[in-house]
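The following note sets out points for a colleague to check against the structure. Each numbered paragraph deals with one region or one residue.

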Amino acid sequence: MMSVHDDFEKEVRGATEAALGKIGAAGAEYRIEIPSAGNADLAVPCFQMSKSMRKAPKAIAEELAAAIEPAGMIASIDALNGYLNFTMDPEILTRRTIDEILESGSCYGGHGKNGIRVNVEHTSTNPTGPIHVGRARNPIIGDTLARAMKLRGYDVTTEYYVNDVGKQVVILTWGVNNIPPEDVEKADREKADHALVAYYRAANRMMESDPEVQEKIADLLRRFEAGDSKVISEVRKTAQRMLDGLKETLESINVGLDVYTWESRFIADGTARSVVEQLTASDYAGKEDDGACYLDLKDFGIQGKNTKFTFTRADGTTLYTTRDLAYHLDKFKRADRVIDVLGEDQKLGSKQLCSALEILGCERKPEALFYSFVSLPEGKMSTRKGVVVYLDDLIDEAVTRAYEEIRSRRTDLSEERMREIASIIGVGAIRYNIVRVQPEKQMIFKWEDALNFDGNSGPFLQYAYTRTCSMLRKAGEFEPSADPSKLTDEYETALVKVLSRFGSVIEEAAEEGRVHMIPAYGHEVASTFNQFYASVPVLSSDRERNERLTLVMCTRIVLRNVLTCLGMGAPEEM
RNA sequence: GGACGGGUGGCCUAGCCUGGAUAUGGCGGCAGCCUCCUAAGCUGCAAGCCGAGGGUUCGAAUCCCUCCCCGUUCGCCA
């Protein structure tokens, strides 16, 4: 279905071309843009045609404006500063926007099912410790992208790749099975991930200082790589315990993943081995003196000291990226589009993976979405060193703050209800503050920013939402009406305009992975609604009551869709 | 040293891909607004050589070049 804006642009294009013909400049190049100034809806800058027409832009704009009569959706045309400005008929915009929102409801902003299967892999943190805020962008960006794509119409599957292979999980397993509980620091909470990470840290420390421990861990790793089923299942068991803790954290911020794929599977089912065989047979393959195999990727735009990408160790065992290749080949079978949400440290690895896929004759590539790490003012976070802020602690702090806020302003709510709302607000604040900034921008974690509840924040959107709920609750029964002749106030028009843009925001977020557009848009909706709320009486209005309530209803739908996309709760009161 | 990303009022941030009118929004600061639908709100004010310098263009935060600062990376780790 064509949106109001698409239809309007089409009419503007038609009118502009006709006008150019009339003034003897048919075929002139022009652009249509959204004005950065003024109240018009679309504009045609007349600067670029100025040279060939040998006329001042201002004069061209004026001539063009004079050559166009308002018709159809075009309500008025005017020339200003060398721009030809078009204003859309507000009545048409209002009626079509409201009708579409009421008709589409929770699907508003989307496009209907498109049948394209998308696999979004996100989070995939090593199961060696709790999720810390340095990595917290991953689940939040990934989950938001998945939700936006779902709304847009994709058939989305989210997936977590569990690294149950390699030195790190072996160290953890050794620690859990060999260090007595009294030798590790007491965990600050009982969740498995928090309880287990102490063993991981202790094992790392012991390994560094005690050659005997180092040898024991090396031995365990050798048995693991040799396929010792007892060792493999021990490691898997530890990883599973850790993962259960991670899942709990993810659930608490409304992130649920559809599929968990274990890395060890690609060793067990032989697909990693088959990748090795195919790569070895390729023209780019080489072998070190000691037997390690590599691809030389100098022809694939990989630059640096070393263009080699090693895919087996000297002993022939596979490496992480080798197994990741098998994993991607598997994902390609299951989805039409494969998206990986990755930390910026994976950039080279991802590029090597794409080159290797090409060498394997695979025509498809994963689409990578990279984000920069969140660091602390004193430097980067490290699970091993214990220099971290855990996501669980951030959530607790945010919920506690939200609880205090509610208790200070509400006396009519039950304890249970206040706790429930506090959780919705606290979690919303965290998700919003993280997804707000474009992924590639580095972030420095500060408690006061992370816990911001005012202005450009999650609770700001939720608060506007509760206002819509409260008004509709108090209004009781009413007859919905999109009669545009009764919604002519500037605040009403501004609100309708903002609501009408939701589809294009979702399009950009979903198609280009620009998820930070969603919170920015949500803030605009909430802010425009708050201005309307402060200036236009609704419940006490008479002649326009139904139309205003209908507009409030539409705002509620859009805000709820935005909140859903952001994985934030929509509280009826707060 | 190479590669990739970031640098926008005191602080955080949008815009950059696709050049265009007075550079977006927030925090903090200052001054106002609750006899009206929840003040987690609204209104107003102060605050900017868009990292620096060149170039292209009628026009540059946006494109190109050089340089500076920050982050990531250049493992037979994951």
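**Notes on the predicted model**

1. Asp7 is located in helix H1, which covers residues 4-22. The model is a predicted one. Asp7 has a relative accessibility of 18% and therefore counts as buried, the limit being under 20%. Apart from residues up to four places away in sequence, Asp7 touches Met2, Met73 and Arg96.

2. Tyr371 belongs to strand S11, residues 367-371. With a relative accessible area of 1%, Tyr371 is buried. Its contacts, with neighbours within four places in sequence left aside, include Gly134, Arg135, Arg137, Asn138 and Ile141. Val341, Leu342, Gly343, Glu344 and Pro439 are also in contact with Tyr371. The side chains of Tyr371 and Asn138 form a polar contact at 3.1 Å. Along the chain, Tyr371 and Arg135 are 236 residues apart, and their C-alpha atoms are separated by 9.3 Å.

3. Two residues deserve a check of their backbone angles. Ser124 is not a glycine, yet it has a positive phi of about 40 degrees. Ser124 sits in the loop that runs between strand S4 (117-121) and helix H5 (137-152), and at 16% relative accessibility Ser124 counts as buried. Asn254, likewise a residue other than glycine, has a positive phi near 65 degrees. The loop between helix H9 (229-252) and strand S6 (259-262) contains Asn254. The relative accessible area of Asn254 is 33%, which makes this residue partly exposed.

4. An open sheet of 3 strands follows the order S7-S8-S9, and its pairing is antiparallel. Which strands stand at the edges? They are S7 (285-287) and S9 (308-312); each has a single partner strand, so one side of each lacks a neighbour in the sheet. On average, neighbouring strands of this sheet are turned by 35 degrees against each other, direction ignored. In general, strands of a sheet pair through backbone hydrogen bonds, in either a parallel or an antiparallel manner. Here, S7 pairs with strand S8 (residues 293-296) in the antiparallel sense over 3 bridges. Within this pairing, Ala285 stands opposite Leu295 in S8.

5. The surface near RNA strand B should be examined next. There are 73 residues around RNA strand B, and those that come nearest are Tyr83, Asp290, Arg409, Tyr463 and Ser470. The residues of this surface comprise 27 nonpolar, 23 polar and 23 charged. Which helix gives the most to the surface? Helix H17 does, with 7 residues. The elements that each supply at least two residues of this surface are strand S3 (83-88), helix H12 (320-334), helix H13 (347-359), helix H14 (391-409), helix H17 (458-475) and helix H20 (517-535).

6. On the RNA side, 65% of the atoms of RNA strand B within 4 Å of the protein belong to sugar or phosphate, and the rest belong to bases. Individual atom pairs involve both parts of RNA strand B. A polar side-chain atom of Asp290 is placed 2.2 Å from a base nitrogen of RNA strand B. Met574 has a polar backbone atom 2.7 Å from a base oxygen of RNA strand B. An N or O atom in the side chain of Asn530 is 3.2 Å from a sugar or linking oxygen of RNA strand B.

Definitions and conventions. Residues are numbered from 1 along each chain as its sequence is written. Chains are lettered from A and ligands numbered from 1 in the order in which they are written. This is a predicted model: local features need pLDDT of at least 70, side-chain atom pairs count only at pLDDT 80 or more; totals for chains, interfaces and linings use all residues. Side-chain values use heavy atoms; hydrogens and water are left out. Two strands pair if DSSP finds at least two bridges between them. Helices (H or I, at least four residues) and strands (E, at least two) are DSSP runs, numbered from the N terminus. Axes are lines fitted to C-alpha atoms, for helices over the stretch in contact, and angles run from 0 to 180 degrees between N-to-C directions. A residue is near a molecule or strand if one of its heavy atoms lies within 4 Å of it. A polar contact is a pair of N or O atoms within 3.5 Å; within protein, one must be able to donate a hydrogen and the other to accept it, and residues adjacent in sequence count only if both atoms are side-chain atoms. Ala, Val, Leu, Ile, Met, Phe, Trp, Tyr, Cys and Pro count as nonpolar, Asp, Glu, Lys and Arg as charged, and the others, Gly among them, as polar. Buried means under 20% relative accessible area, exposed over 50%, partly exposed in between (1.4 Å probe, protein chains only). Contact means heavy atoms within 4.5 Å.
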